[in-house]
Amino acid sequence: MTKLQELKAHLKPGQVYRRADLARWSKAVDRHLKQLVSEGTLTRLAGGLYAYPKQTVFGKAPAEDGRLVEVFLKDRRFLLVSPNAYNSLGVGTTQLYDKTVVYNRKRHGDFQLGGRKFAFRVKADFPQTLTKEFLLVDMVNNLDQLAEAKHEVLERVGKRAASFDVRRLQRAVRDYGSVRTKKFFEHALKPDELNRAA
């Protein structure tokens, strides 16, 4: 078995690797990486980041966003939020966006990984999983970045807010809302509902 074949034996389909990960199994990692990329075994995603794509009936499947971000950050504490998900909240947003926001505790900035755009935002607090209540709060937090008529969106959010689980929404506002978002929801939710949610 050649050294290149030995390195290949460690690769798993669907996984993402840093150059440092692969250097454990190769003394000529840069030469081997060049060979693996040129023969199509590995795909270069960004500087020092590579994927071993899964083969499907439709061809090579790109690495999952979560796996890609985990290896890039070297951390599992993050939350992926696509602004396109706002369209599922029933508040009239319809715009499509070509980037995914990554709330995390380590990196800030816009990065292109594997041809996809990610906006990394350092945030002290975010939930482990995406909920529609968090999504609504997040949308109001980021209202300035939406391509929609902002006052119309807020008006519809105000009308839809009461149809959400009020306790969960109030908790999401308290834990993740900006000062402006908190003020908005104080008015959007009726005082008696706020008392029940407290």
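## Helix 3 and the open sheet

Helix 1 (3–9), helix 2 (19–23) and strand 3 (49–52) are among the elements that cover the buried residues of helix 3, where contact means heavy atoms within 4.5 Å and buried means under 20% relative accessible area, with a 1.4 Å probe and protein chains only. This is a predicted model, in which local features need pLDDT of at least 70, side-chain atom pairs count only at pLDDT 80 or more, and totals for chains, interfaces and linings use all residues. Residues are numbered from 1 along each chain as its sequence is written, and side-chain values use heavy atoms, leaving out hydrogens and water. Helices (H or I, at least four residues) and strands (E, at least two) are DSSP runs, numbered from the N terminus.

**Helix 3**

- Val-29, His-32, Leu-33 and Leu-36 are buried in helix 3 (residues 29–38).
- Seen down the helix axis, these buried residues fall within an arc of 100 degrees, so they line one face of helix 3; the arc is that of the directions from the axis to the C-beta atoms.
- Arg-31, Lys-34 and Ser-38 are exposed (over 50% relative accessible area) on the face turned away from the buried side of helix 3.

**The sheet**

- An open sheet with mixed pairing is formed by 4 strands in the order 6-7-9-8; two strands pair if DSSP finds at least two bridges between them.
- Strand 6 (78–81) and strand 8 (109–113) stand at the edges with a single partner strand each, so one side of each has no neighbour in the sheet.
- Strand 8 and strand 9 (residues 116–122) pair in the antiparallel sense over 5 bridges.
- Phe-118 in strand 9 is the bridge partner of Phe-111.
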